[in-house]
Amino acid sequence: MGSAARQPLFSFGVIADVQYADIPDGRSFLGVPRYYRNSFLVLQRAVETWNQHGNLKFVINMGDIVDGFCPKDQSLAATKKLVREFEKFNGPVYHMIGNHCLYNLPREELLPLLKIPGRDGNAYYDFSPTPEYRIVVLDCYDISALGWPQDHPNTIAALKILEEKNPNSEKNSPAGLEDVERRFVKYNGGVGEKQLQWLDSVLQDATNSNQRVIVCGHVPMSPGVASKAALLWNFDEVMNIIHKYDSVKVCLSGHDHKGGYFVDFHGVHHRSLEAALECPPGTYSFGYIDVYENKLSLVGTDRMPSTDFES
């Protein structure tokens with residue numbers, strides 16, 4: 001094989017769960033340390049490293065740009081500060097919506113700030129960086145008790161799901177829920193009917209065009225890759241559509257901060273990326289993905305392990 005054969009078709013940067021806030025360090029509900037101010041330094045280092053690489057076509061931020069504990073009067077300024085830092089990357093940056101984004105700002109403010117090309121408040125979209133590939137970005141809080149107006153049908157549908165599935169008065173608590181039922185908490189969400197139809201049509205189109213597909217969403221889509229309490233509400237419906245097509249090779253997500261890797265029974269690789277928020281000062285978590293014709297390779301930095309996705 002000549003060196004040309006080993007060149008990737010393209011490469012792109014990845015980072016997840018920066019969750020910046022100008023507040024002292026804290027801990028998650030499970031007691032894991034969180035470094036709210038340092039996460040900005042992790043992002044700065046990521047952007048510098050991506051620019052030094054010199055050959056990254058774009059960057060994908062896997063959601064949760066600002067933390068829910070960010071004081072609400074600072075939410076807008078903090079989000080703008082983070083977006084400006086991402087924009088120092090020499091190329092396009094693609095964002096997606098996470099629960100912490102929605103704790104801070106409603107969709108109508110968030111989507112324009114993050115330049116998410118959705119319509120009617122929807123935040124799902126796709127793009128083709130090269131003719132051989134399609135990137136699909138899901139809106140995992142389409143059906144959600146967060147971010148939509150209280151009387152919106154999507155809010156009402158979400159509250160109904162939580163009422164039926166989660167008997168706890170605190171709907172962010174999975175206490176007493178078993179196995180994958182633990183996903184029915186307020187900080188997760190679901191993909192609505194219209195988006196499911198859209199996903200199906202995009203994957204059909206990609207298949208017809210002989211394109212391979214990378215699916216991205218803030219919330220993990222397989223119980224094999226993440227904590228049972230950090231899964232998309234209707235991951236089964238989403239994966240049923242994905243499994244209909246051989247074109248999808250990889251599903252990338254954030255949200256479950258410890259990260260994970262799993263290959264499902266259809267051979268789809270799931271990679272949940274380690275959170276920038278949980279990096280102690282002087283450590284980092286970000287990377288870039290080299291995309292080849294028949295494999296992908298995540299080159300991770302520090303707390304984000306490198307992973308080969310052989311297809």
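How many aromatic pairs does the count come to? In this predicted model, the count comes to 14 aromatic pairs. Two of these pairs are described below, followed by an aromatic cluster and by a lysine placed over a ring.

**Trp-50 and Phe-286**
- Trp-50 and Phe-286 form an edge-to-face pair, with 6.2 Å from centre to centre and 80° between the planes of the two rings.
- This pair links distant parts of the chain, since Trp-50 belongs to helix α1 (residues 38-53) while Phe-286 belongs to strand β12 (residues 285-291), and the two residues are 236 residues apart.
- Trp-50 and Phe-286 are both buried.

**Phe-58 and Phe-127**
- Phe-58 and Phe-127 also make an edge-to-face aromatic pair, for which the centre-to-centre distance is 5.2 Å and the angle between the planes is 85°.
- Here, too, distant parts of the chain are linked, with Phe-58 in strand β4 (residues 58-61) and Phe-127 in strand β6 (residues 125-130), 69 residues apart.
- Phe-58 counts as buried because its relative accessibility is 2%, and Phe-127 is likewise buried, because its relative accessible area of 12% is under 20%.

**Aromatic cluster**
- Phe-58 and Phe-127 are among the members of one aromatic cluster, which is formed by Phe-10, Phe-12, Phe-58, Tyr-94, Tyr-125, Phe-127 and Tyr-133.

**A charge over a ring**
- The ring of Phe-40 has the charged end of Lys-81 sitting over it, at 4.4 Å from the ring centre.

Notes
Residues numbered from 1 in each chain as written. Predicted model: local features only at pLDDT ≥ 70, side-chain atom pairs only at ≥ 80, totals over all residues. Heavy atoms only, no water. Phe/Tyr/Trp six-rings, centres within 6.5 Å; stacked < 30°, edge-to-face > 60°. Helix = DSSP H or I, 4+ residues; strand = E, 2+ residues; numbered from the N terminus. Buried < 20%, exposed > 50% of the residue type's maximum accessible area, 1.4 Å probe, protein only. Lys NZ or Arg CZ within 6 Å of the ring centre and 35° of its normal.
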